[in-house]
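Here are three short exercises to work through with the model open beside you. Take them in order and try each task before reading its solution.

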Amino acid sequence: MSKILVSACPLGDPVRYDGQARHLDSAILDELRAAGRVVPFCPECAGGLGVPRPAAEIRGGDGDAVLDGRARVVTEAGADVTAAFVAGARAALALCREHDIRVAVLTESSPSCGSRRVYDGSFTRRALAGAGVTAALLRRQDIAVYNPFEIAAARRQLFRA
């Protein structure tokens with residue numbers, strides 16, 4: 001049975017940096033959960049960051065640039081948390097391999113999970129096109145990554161995989 005990796009915060013888990021959840025009300029997601037096809041995951045927690053934690057953004061690019069060593073993930077106070085974000089991305093990939101997951105739905109704008117955009121590192125909520133660290137790593141391994149607004153497309157991909 002094919003499974004889908006889903007960011008834990010839209011599933012209602014209070015794992016966001018601010019200790020909140022970002023619950024996604026979706027009949028499709030409810031159906032997939034009831035069928036046992038959802039594998040919840042928070043790469044930031046898996047990378048060793050606590051809840052709550054300081055907000056972080058990618059400075060100098062996006063997740064691909066982080067993976068290539070050209071950008072860093074930092075907090076507003078300037079603490080470098082790149083290693084935790086990379087560790088969380090690697091843990092997500094290991095989980096996908098363990099469960100033969102080929103589709104993921106990840107929270108948009110997150111420096112880990114953003115699939116289409118991430119904040120630019122200025123902490124002014126300015127976004128740029130690009131992926132978070134986990135989304136970038138999963139895509140490099142041919143795992144289809146969607147955001148919560150694309151759950152119907154993710155479901156279609158899941159049943160094609």
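Contact here means heavy atoms within 4.5 Å. Please keep in mind that this is a predicted model.

**Exercise 1.** Find the buried residues of H6 and say what covers them.

*Solution.* Start with the helix itself, residues 151-160. Its buried residues are Ile151, Ala154 and Leu158. These span an arc of only 55° around the axis, so they lie on the same side of H6. Now turn to the face pointing away from that buried side: the exposed residues Arg156 and Arg160 sit there. Finally, look at the cover over the buried residues, which includes strand E1 (4-7), H1, strand E5 (103-105) and E8.

**Exercise 2.** Describe how H1 packs against H6.

*Solution.* First the geometry: H1 (residues 27-34) and H6 meet at an angle of about 35°, and their axes are 9 Å apart. The crossing is left-handed. Next, the residues: H1 brings Ile28, Leu29, Glu31 and Leu32, while H6 offers Ile151, Ala152, Arg155, Leu158 and Phe159. Sorted by class, this contact has seven nonpolar and two charged residues, with no polar ones.

**Exercise 3.** Place Asn147 and decide: is Asn147 buried or exposed?

*Solution.* Begin with the location, in the loop between strand E8 (144-146) and H6. The relative accessible area of Asn147 is 7%; buried means under 20%, so Asn147 is buried. Then check its partners: leaving out residues up to four places away in sequence, Asn147 touches Val105, Leu106, Glu108, Ser115 and Arg116. With Glu108 there is a polar contact between the two side chains, at 2.8 Å.

Terms used:
Residues numbered from 1 in each chain as written. Predicted model: local features only at pLDDT ≥ 70, side-chain atom pairs only at ≥ 80, totals over all residues. Heavy atoms only, no water. Axes fitted to C-alpha atoms, helices over the stretch in contact; angles between N-to-C directions. Helix = DSSP H or I, 4+ residues; strand = E, 2+ residues; numbered from the N terminus. Left-handed = near helix turned anticlockwise from the far one by under 90°. Nonpolar A, V, L, I, M, F, W, Y, C, P; charged D, E, K, R; others polar. Buried < 20%, exposed > 50% of the residue type's maximum accessible area, 1.4 Å probe, protein only. Polar contact = N/O pair within 3.5 Å; in protein donor to acceptor, adjacent residues only side chain to side chain. Arc of directions from axis to C-beta.
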